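This briefing looks at where empty space and nonpolar packing are found in the structure shown below, and it then turns to one residue in its surroundings.

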Amino acid sequence: MTASGAPIIFDKVGKAFPKRGGMVTALEDVSLTVEPGAITGIIGRSGAGKSTLLRMVNGLERPTSGTVTVAGQDVGRASGGALRGIRREVGMIFQHFNLLSSRTVAGNIALPLEIAGAANVQRRVADLIDRVGLTEFAERYPAELSGGQKQRVGIARALATGPKVLLSDEATSALDPETTQTVLRLLADINRDLGLTILLITHEMAVVRDIASHVAVIDGGRIVEAGATYDIFTRPQHPTTRSFLSGVTGVTLPAFIAQRLLPSAESASQEVVRITFAGDHATDPMLARLTSELGIDVNILAGAVEEIGTRPFGNLLVSLPVARAAEARAYLERHHLLTEVLGHVR
Ligand SMILES: Nc1ncnc2c1ncn2[C@@H]1O[C@H](COP(=O)(O)OP(=O)(O)OP(=O)(O)O)[C@@H](O)[C@H]1O
Ligand SMILES: [Mg+2]
């Protein structure tokens with residue numbers, strides 16, 4: 001197996017599908033450089049264009065405009081032997097596994113090797129089965145396997161031709177949470193051991209938080225936000241990203257406060273503020289200093305510190321007296337904490 005991930009570059013990619021009476025735009029002006037050797041998550045609502053984007057990486061879809069480059073090769077314009085070559089370098093796994101029911105585990109994994117006319121098929125299949133932890137199941141048929149085991153077969157099959165890129169379209173959506181975790185760990189191990197570039201679509205933000213170092217958010221066929229997962233999860237800019245992340249990172253406002261939230265400061269006495277901190281900036285001393293140095297009282301409503309990747313991310317909901325709230329927020333911002341006004345209460 002090869003041990004290097006390939007870069008993937010989308011340059012001003014557009015895709016339109018013919019539709020009765022016209023065209024439907026699935027992607028528009030998508031430019032994205034996927035970090036080689038990293039795991040990048042693609043998130044977005046249903047119909048946003050995620051699968052279309054992914055399917056361009058192995059030439060299952062061709063761009064209507066722009067270019068998609070994988071390991072230096074223009075996928076959209078490749079055909080014949082060049083396209084087959086690219087497909088050997090790009091493995092793919094699917095939500096419903098897409099295994100052949102008439103073939104055993106070993107037989108399914110051998111298939112791409114047989115098609116490629118590879119040598120030493122048996123030994124390579126045995127290695128792959130070992131890598132995904134299915135040694136005892138080599139002669140079983142798909143119908144005799146659990147969902148998690150089937151996806152392991154899917155992963156081994158995708159790795160068979162020694163790809164530099166692995167594409168995953170909702171590969172864990174059909175699995176229970178525990179099985180999802182084991183499959184994700186396997187993908188993370190593969191990424192680490194083989195250095196593959198992994199591009200994965202998921203609806204589950206926790207999946208991105210746990211294994212993707214980078215993320216791209218797609219909305220209505222456009223990339224609205226992309227970058228390091230930590231940065232995007234701790235400072236989401238686009239409303240779509242924010243709505244996806246609410247409930248996954250950060251704490252939610254207790255119901256008794258949320259119900260009383262007023263949009264404006266008029267006739268309110270307290271401003272409700274979200275304070276977030278990334279990295280080493282702890283909130284505790286800052287809140288204590290707000291009180292001791294500025295004489296501003298802070299009510300803590302909710303709070304948590306969690307991990308994104310391996311870095312801490314803290315989230316605190318507080319209320320501040322309206323008359324001094326702006327001053328307090330400025331003080332916190334000066335000390336590298338981020339603040340966001342959520343509303344007001346009486
Ligand atoms: N082969 C096709 N023919 C016509 N329209 C298509 C085709 N494939 C996708 N589309 C349209 O392109 C848009 C993007 O579809 P796509 O499958 O990429 O979305 P998605 O983000 O993967 O959604 P989901 O989360 O539901 O899988 C949708 O409006 C879809 O209907
Ligand atoms: Mg899809």
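The largest cavity holds about 60 Å³ of space, and the count comes to one cavity of 30 Å³ or more. The model is predicted, and every value given here is computed from it. As general background, rolling a probe the size of a water molecule over the atoms shows where empty space is left.

**The cavity**

- The lining of the largest cavity is made up of Ser-168, Glu-170, Ala-171, Thr-172, Ser-173, Leu-184, Leu-187, Leu-200, Ile-201, Thr-202, Glu-204 and Val-207.
- Two or more of these lining residues are given by each of the elements α6 and β8, the latter spanning 197–201.
- By class, the lining of the largest cavity divides into six nonpolar, four polar and two charged residues.

**Thr-180 and its surroundings**

- Thr-180 is found in helix α6, and this residue counts as buried because its relative accessible area is 3%, where the cut-off for buried is under 20%.
- Leaving aside residues up to four places away in sequence, Thr-180 touches Thr-172, Leu-175, Glu-204 and Val-207; Thr-172, Glu-204 and Val-207 are also among the residues that line the largest cavity.
- The side chain of Thr-180 reaches two backbone oxygens, that of Leu-175 at 3.4 Å and that of Thr-172 at 3.5 Å.

**Nonpolar cores**

- In soluble globular proteins, nonpolar side chains tend to be buried together.
- The largest nonpolar core in this model has 50 residues, and the members that touch the most other members are Ile-109, Ile-129 and Ile-155.
- Helix α6, which runs over residues 177–194, supplies the largest share of this core, namely six residues.
- A second core, separate from the largest one, has 28 residues, including Phe-10, Leu-54, Val-90 and Ala-216.
- When residues up to four places away in sequence are not counted, Ile-109 touches Val-125, Leu-128, Ile-129, Val-153, Ala-156, Arg-157 and Ala-160, and one of these contacts, Ile-129, is itself named with Ile-109 among the core members that touch the most others.

**The largest pocket**

- About 570 Å³ of space lies in the largest pocket, and of the 16 residues that line this pocket, Arg-87, Arg-88, Val-90, Pro-112 and Thr-161 are the closest to its centre.
- At least two lining residues come from each of α2 (80–89), β6 (90–94), α3 (105–115) and α5 (147–159), and β6 provides the largest share, with four residues.
- The lining of the largest pocket has nine nonpolar, three polar and four charged residues.
- Val-90, one of the residues closest to the centre of the largest pocket, is also a member of the second nonpolar core.

**The second largest pocket**

- The second largest pocket contains about 460 Å³ of space, and 21 residues line this pocket, with Pro-236, Arg-242, Arg-274, Thr-276 and Glu-340 lying nearest its centre.
- The elements α8 (229–234), α9 (239–245), β11 (270–278), β13 (311–321) and β14 (338–345) each supply at least two residues of this lining, to which β14 gives the most, with four residues.
- The lining of the second largest pocket divides into seven nonpolar, ten polar and four charged residues.

Technical notes
Residues numbered from 1 in each chain as written. Chains lettered and ligands numbered in written order. Predicted model: local features only at pLDDT ≥ 70, side-chain atom pairs only at ≥ 80, totals over all residues. Heavy atoms only, no water. Core = buried A, V, L, I, M, F, W, Y, C linked by side-chain atoms within 4.5 Å. Buried < 20%, exposed > 50% of the residue type's maximum accessible area, 1.4 Å probe, protein only. Contact = heavy atoms within 4.5 Å. 1 Å grid on protein atoms, 1.4 Å probe; cavity = no way out; pocket = protein on both sides within 12 Å on 5 of 7 lines; lining within 4 Å. Points joined across faces, edges and corners; volume = space filled by probe spheres on them. Nonpolar A, V, L, I, M, F, W, Y, C, P; charged D, E, K, R; others polar. Polar contact = N/O pair within 3.5 Å; in protein donor to acceptor, adjacent residues only side chain to side chain.
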